[in-house]
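Welcome, and please have your viewer ready. We will go from stop to stop, selecting a few residues each time and looking at what surrounds them.

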Amino acid sequence: TEAGYRKTFGKEATEMVQAMLRGDDANLPEEFFESDEGDLYKIEICPAKFGACTPVKRKMIRDILVPLRKKIKELDLTRVVIESVRTPLMSHHVFRFSIIGCSNCCLSPYSSDFGIISLYKPGVKSDGCIKCKACLVPCVEGAIDLENDDPLIDYNKCMMCGGCETACMKGIIQTIEKGYKVVVGGTG
């Protein structure tokens, strides 16, 4: 199990989860665990909130979560929902947000009212690739070609999940641009 977890999430995430299991402080952002109880909105965060990803991905989540929560409070979203409902309030009247740390969509933002997906555009640093193929393992879309001297990334296939960068043992593949994709509507 440990080897599988390490292969999927990386060494740092595996060690963080092991520390949490021992009861050690994992130093996760407090903002990940704020309660929305009593409000008519819910912000769901992917498993990254429990350490199942890199610090970079947790930072991307935190960097959008904090201003989102502030804007929701400014807009008084609970009041807006109450004023918009034309029937007695029911559980499905909660406005649902999803924030995920990568585009693998473990917690689907596509079924929430408002979803935010963190994206990491990979780039290739020339020279040094040893063709170990580690970057191919997390790339489920087959967006990386190792036939040439350096890895070649097909951005038409790339999901921009950041998995290839995490897997690259030589640091040849690196994130060159970060951003977010927003999906609205909750219809999948």
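Does K131 count as buried, partly exposed or exposed? At 31% relative accessibility, K131 counts as partly exposed; buried means under 20% relative accessible area, exposed over 50%, and partly exposed in between, with a 1.4 Å probe and protein chains only.

Before going on, a word on what you are viewing. This is a predicted model, in which local features need pLDDT of at least 70 and side-chain atom pairs count only at pLDDT 80 or more, while totals for chains, interfaces and linings use all residues. Residues are numbered from 1 along each chain as its sequence is written, and side-chain values use heavy atoms, with hydrogens and water left out.

**Stop 1: two lysines in a loop**

Keep K131 selected. It sits in the loop between β3 (114–124) and β4 (144–145); helices (H or I, at least four residues) and strands (E, at least two) are DSSP runs, numbered from the N terminus. K131 has a phi near 55 degrees, which is a positive value in a residue other than glycine.

Now add K133, which is also in the loop between β3 and β4. Its phi is positive too, at about 70 degrees, although K133 is not a glycine. K133 counts as exposed, at 51% relative accessibility.

**Stop 2: two residues of helix α3**

Next, select R58 in helix α3. R58 is buried, with a relative accessible area of 7%. Leaving aside neighbours within four places in sequence, R58 is in contact (heavy atoms within 4.5 Å) with E12, M16, L28, F32, A48, G51 and C53.

Move to K57, which lies in helix α3. Which side chain of opposite charge is nearest to K57? That side chain is E165, 7.7 Å away, and K57 is buried yet has no salt bridge. Here Lys and Arg count as positive and Asp and Glu as negative, with His and the chain ends not counted. A salt bridge is a side-chain nitrogen of Lys or Arg within 4 Å of a carboxyl oxygen of Asp or Glu. Beyond its neighbours within four places in sequence, K57 is in contact with G101, C102, Y120, C161, G162 and G163.

**Stop 3: salt bridges**

Side chains of opposite charge can pair when their charged atoms come close. How many salt bridges does a search of the whole structure find? It finds seven.

Select E31 and R62, which form a salt bridge with their closest N and O atoms 3.0 Å apart. E31 lies in the loop between α2 and β1 (41–45) and R62 in helix α3, so the pair ties together parts that are 31 residues apart in sequence. E31 counts as buried at 19% relative accessibility, whereas R62 is partly exposed at 32%.

Then pick R69 and E34, whose side chains meet in a salt bridge (3.6 Å, N to O). This pair links distant parts of the chain, with R69 in helix α3 and E34 in the loop between α2 and β1, 35 residues apart. R69 counts as buried, at 6% relative accessibility, and E34 is partly exposed, at 40%.

For a pair within one helix, select E74 and K71: their salt bridge has its closest N and O atoms 3.3 Å apart. Both lie in helix α3, three residues apart, about one turn of the helix. Finish here with D76, R79 and E83, which are linked in a network of salt bridges.

**Stop 4: a pocket and two cavities**

On a 1 Å grid over the protein atoms alone, a cavity is a set of points where a 1.4 Å probe fits but cannot get out, and a pocket is an open set with protein on both sides within 12 Å along at least five of seven lines; lining residues have an atom within 4 Å of a point. Grid points are joined across faces, edges and corners, and a volume is the space filled by probe spheres set on the points.

The second largest pocket holds about 210 Å³ of space. Select T54, V56, G162, E165 and T166, the closest to its centre of the 15 residues that line this pocket. α2 gives the most to the lining, with three residues.

For the largest cavity, select C139, C158, M159, M160 and C161, which lie nearest its centre among 16 lining residues. About 130 Å³ of space lies in this cavity.

Last, select C129, I130, C132, C168 and I172, which lie nearest the centre of the second largest cavity. This cavity has a volume of about 90 Å³.
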